[in-house]
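Here are a few short exercises to work through with the model open beside you. Try each task before reading its solution.

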Amino acid sequence: PGVEQPATSEPGGTVNPGAEQPTSEPGGTVNPGAEQPTSEPGGTVNPGAEQPTSQPGGTENTEATQPGTAEIVLGGHYYDAGSEADYVVTSLSGQGGTVTYSMYKGRKKTVRIPASILLNGDVYTVTAIADQSCKGNKNIQKIVIGNQVESIGANAFYGCKALKKLTIGKKVKTISNGAFAKCASLKKLTIPASTVKLGKNCFAGCKKLSDIRIKTKRLKNAAVGKGTWKGISAKAVIRVPGGKRGQYERIFRKKGKLPKNAKVK
């Protein structure tokens, strides 16, 4: 007595319950009373335990969300890995809404801006391309703009020097200031019948642009910005709708700064 002794045990080698020991349930599992990380059957983490979140495949969850994986909110940004682009929600309806093509993050030579995307199984129409969304991209050689897009933002494709082929969707109404300025490799262009506005310098500096077809009959003097055609090929030929040649030539030469030797037919 009075001498510190090792913990005693009952016959058979079991530890004396009076001694402090880690406890366990039969079969070797830890006593629930002991503090341990919790889990659901099958090894999945208990939702009550704080854990880092991830997307399928083990990638970390970020603020840029894959379409179809998060609650959709007005003004929210959603990343589409398929097209390597960000979209911003601009309106909501019962089963979808509208989005703006916000930012291209890929390195592909061909960029297709779709008419719509799926978010949480609902259809969202792509109605606009944001300002500077592809500005200065050095890889893009071809752009196809979807048939629901109505506006192309300022400087959206400014300085895409490798761009050779461009298809503008049939509902585009506005091509904003500098939208395709200094696309030095672009040779051919068609403006759809829906277009009502060409912004300032929207095709300025496209020095190889020589084959231009204007389908719209709706361009007014006030809606054509200064320098629209400044610096395009001196050999350019612009084909316009019947009955519009005189009006369009005056606008394009005076305000649009069409090169002196370029022709309007």
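Two residues are in contact when heavy atoms lie within 4.5 Å. The model is predicted, so local features need pLDDT of at least 70 and side-chain atom pairs count only at pLDDT 80 or more, while totals for chains, interfaces and linings use all residues. Residues are numbered from 1 along each chain as its sequence is written, and side-chain values use heavy atoms, with hydrogens and water left out.

**Exercise 1. Describe the surroundings of K108.**

Step 1: Place the residue. K108 sits in the loop between strand 3 (96–104) and strand 4 (110–113); strands are DSSP runs of E with at least two residues, helices runs of H or I with at least four, both numbered from the N terminus.

Step 2: Check its exposure. Buried means under 20% relative accessible area, exposed over 50% and partly exposed in between, using a 1.4 Å probe and protein chains only. K108 has 40%, so it is partly exposed.

Step 3: List its partners. Beyond neighbours within four places in sequence, K108 is in contact with G82, E84, N139 and I140. The C-alpha atoms of K108 and S83 are 9.3 Å apart, although 25 residues separate the two along the chain.

**Exercise 2. Work out which parts of the chain the salt bridge between D86 and K105 ties together.**

Step 1: Recall the criterion. A salt bridge needs a side-chain nitrogen of Lys or Arg within 4 Å of a carboxyl oxygen of Asp or Glu. The structure has four of them.

Step 2: Check the distance. In the pair D86 and K105, the closest N and O atoms are 3.0 Å apart.

Step 3: Locate both ends. D86 belongs to strand 2 (residues 85–93) and K105 to the loop between strand 3 and strand 4, so the bridge ties together parts 19 residues apart in sequence.

Step 4: Compare exposure. D86 is buried at 9% relative accessibility, whereas K105 is partly exposed at 45%.

**Exercise 3. Explain how R253 and E249 are placed relative to one another in helix 1.**

Step 1: Confirm the bridge. R253 and E249 form a salt bridge, with the closest N and O atoms 2.9 Å apart.

Step 2: Count along the helix. Both lie in helix 1 (residues 245–254), and because they are four residues apart, about one helical turn separates them.

Step 3: Look for further partners. R245, E249 and R253 are joined into one network by salt bridges that share partners.

Step 4: Add exposure. E249 counts as buried at 19%, and R253 as partly exposed at 29%.
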